[in-house]
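Open the model in your viewer and keep the selection panel at hand. The tour goes stop by stop.

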Amino acid sequence: MQRFNDGQDWFFEKRFGMFVHWGLYAVPAWHEQIQWRRPMAKADYVKLVDQFNPTAFDPDAWLDVLQGAGMEYICLTTKHHDGFCMWDTAFTDYKITNTPYGKDVLAMLAEACHRRGVRLCLYYSCPDWHHPNSINFGGDHQLDQPNPGDEPDLLKYVAYVKSQITELCTQFGEISAFFWDIPPKINIPELNATLRELQPGIMINDRGFGPGDYSTPERHVPTGKAFSSPTEACQSVGRQSWGYREDEDYFSDLHLMQSIDRTMAMGGNYLLNVGPKADGTIDDGNARILAEIGRWFRTVRESYYEARPASHLIKNDECLLTRKENSLYAHFPKPLMSSGVVLNPLTCQPRRATLLNTGAEVRATVETVPSWCRSEPYLRISRIPINQLSTEVPVIRLDFDDLDQALANAGGQDGNEYIF
Ligand code: GLC
């Protein structure tokens with residue numbers, strides 16, 4: 001995977017971000033698409049505007065949670081499918097500054113992000129269930145029919161989108177990525193061109209009105225050894241909703257760690273979502289999950305940053321490898337079945353093997369194991385304290401004096417073309 005060699009390269013350096021789904025739907029606290037999924041008539045949904053008053057919103061508190069999780073960028077839903085805008089746009093009255101709260105929450109978040117060096121990314125939905133010119137004829141995430149009084153008009157709607165993305169790219173400082181949602185299946189090159197002109201260095205995802213710079217597998221991690229193009233997987237802390245849900249079914253910390261580890265070991269980025277409550281705070285349950293992920297992530301972080309996928313070096317599918325300089329990192333995104341694993345066909349002897357989770361040394365030897373009858377000796381990592389590690393993903397660093405030489409001597413080579 002080639003770097004871009006320009007401002008877009010931040011994407012390869014900041015690997016972990018926080019997705020935030022926040023809007024009117026935090027008030028009923030059921031799902032961010034309640035208007036469509038339950039459904040709820042537009043006439044009822046718009047009444048939420050008068051109830052949305054997030055007086056406890058403090059962008060620094062969000063960023064404390066983000067940084068506690070080891071994350072380095074944030075992606076906020078500026079306009080979700082409901083069409084409600086979280087900034088003081090000049091192009092609709094359906095916006096945060098017309099709630100009792102009255103403040104521009106995107107402007108507040110942008111100020112805090114730029115002050116604290118957290119990269120700001122913006123989510124924007126292509127479907128819109130409120131704007132009179134938007135397209136709602138029962139397509140993907142469209143209402144079955146236009147709202148009474150609407151005048152669907154693609155050209156006018158695209159003009160509206162263009163005006164809004166121009167605001168978003170000119171009023172909030174540097175925007176690091178633009179996350180279009182729900183591909184409209186029409187290519188309108190001027191929209192991405194506008195983003196690039198106003199924000200050189202912006203990364204644009206592949207869900208918009210044209211091809212983008214990175215793909216966004218959602219709620220699952222593809223299998224395989226490495227991504228061949230820039231990728232950012234996204235997942236929420238709960239399995240039912242991205243917006244705040246009072247009665248959410250939360251994923252286990254381990255499930256999220258496994259998903260993060262697999263994505264990053266394959267060279268991808270990870271966007272983990274929380275849905276703040278209607279009062280503007282991140283719920284304690286969500287915050288606890290992020291804190292626990294962060295505790296683990298800090299111990300294993302070095303195995304992803306500036307490292308490149310190296311799983312092509314082994315056949316064992318219990319394990320993924322990354323490589324940085326003279327170290328290989330062995331990742332176990334599935335629970336380890338035994339306290340030792342054989343990384344065939346590697347035959348090079350590391351100087352040291354360290355379990356990053358605890359800092360403890362483990363054993364790494366090139367040897368023949370009895371279950372591999374009459375086989376060649378291979379690198380075996382053993383004495384891994386698996387029962388102490390049942391709630392997190394283990395990552396083991398193998399340090400070599402000269403890894404290229406060791407691989408060459410062992411008859412292998414690191415033909416990895418991934419450049420990180
Ligand atoms: C899907 C959902 C949407 C959510 C998004 C996050 O597209 O429809 O509600 O915002 O995934 O990637």
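Start where the two domains meet. Between domain 1 and domain 2, nine residue pairs are in polar contact, with both residues of each pair at pLDDT 80 or more. That confidence score is there because this is a predicted model.

**Stop 1: colour the domains**

Select 7-303 and colour it as domain 1, then select 308-409 and colour it as domain 2. The contact between them draws 17 residues from domain 1 and 23 residues from domain 2. Now place a marker at each C-alpha centre. The two centres of domain 1 and domain 2 are 38 Å apart.

**Stop 2: the buried area**

Show the surface of both domains. About 1,700 Å² is buried between domain 1 and domain 2, and carbon and sulfur atoms give 55% of that area. Next, select Lys225, Glu302 and Ser303. Together they supply 33% of the area that domain 1 buries against domain 2, more than any other three residues.

**Stop 3: the salt bridges**

Keep Glu302 selected and add Arg397. What links these two residues? They form a salt bridge, and the closest N and O atoms lie 3.0 Å apart. The count of salt bridges between domain 1 and domain 2 is two.

**Stop 4: the largest cavity**

Leave the interface and look for enclosed space. How many cavities of 30 Å³ or more are there? The count is two. For the largest cavity, select Val237, Ser241, Gly243, Glu248 and Asn286. Of its 14 lining residues, these lie nearest the centre. The space inside the largest cavity is about 60 Å³. By class, its lining has five nonpolar, seven polar and two charged residues.

**Stop 5: the second largest cavity**

Select Trp22, Gly23, Leu24 and Tyr25, then add Thr77, Lys79, His80, Asp82, Phe84 and Met86. These residues line the second largest cavity. About 40 Å³ of space lies inside the second largest cavity. Colour the lining by class: five residues are nonpolar, three are polar and two are charged.

Key:
Residues are numbered from 1 along each chain as its sequence is written. This is a predicted model: local features need pLDDT of at least 70, side-chain atom pairs count only at pLDDT 80 or more; totals for chains, interfaces and linings use all residues. Side-chain values use heavy atoms; hydrogens and water are left out. On a 1 Å grid over the protein atoms alone, a cavity is a set of points where a 1.4 Å probe fits but cannot get out, and a pocket is an open set with protein on both sides within 12 Å along at least five of seven lines; lining residues have an atom within 4 Å of a point. Grid points are joined across faces, edges and corners, and a volume is the space filled by probe spheres set on the points. Ala, Val, Leu, Ile, Met, Phe, Trp, Tyr, Cys and Pro count as nonpolar, Asp, Glu, Lys and Arg as charged, and the others, Gly among them, as polar. Domain bounds come from an automatic or database domain assignment. Contact means heavy atoms within 4.5 Å. Buried area is the accessible area (1.4 Å probe) that two parts lose on being put together, summed over both. A salt bridge is a side-chain nitrogen of Lys or Arg within 4 Å of a carboxyl oxygen of Asp or Glu. A polar contact is a pair of N or O atoms within 3.5 Å; within protein, one must be able to donate a hydrogen and the other to accept it, and residues adjacent in sequence count only if both atoms are side-chain atoms.
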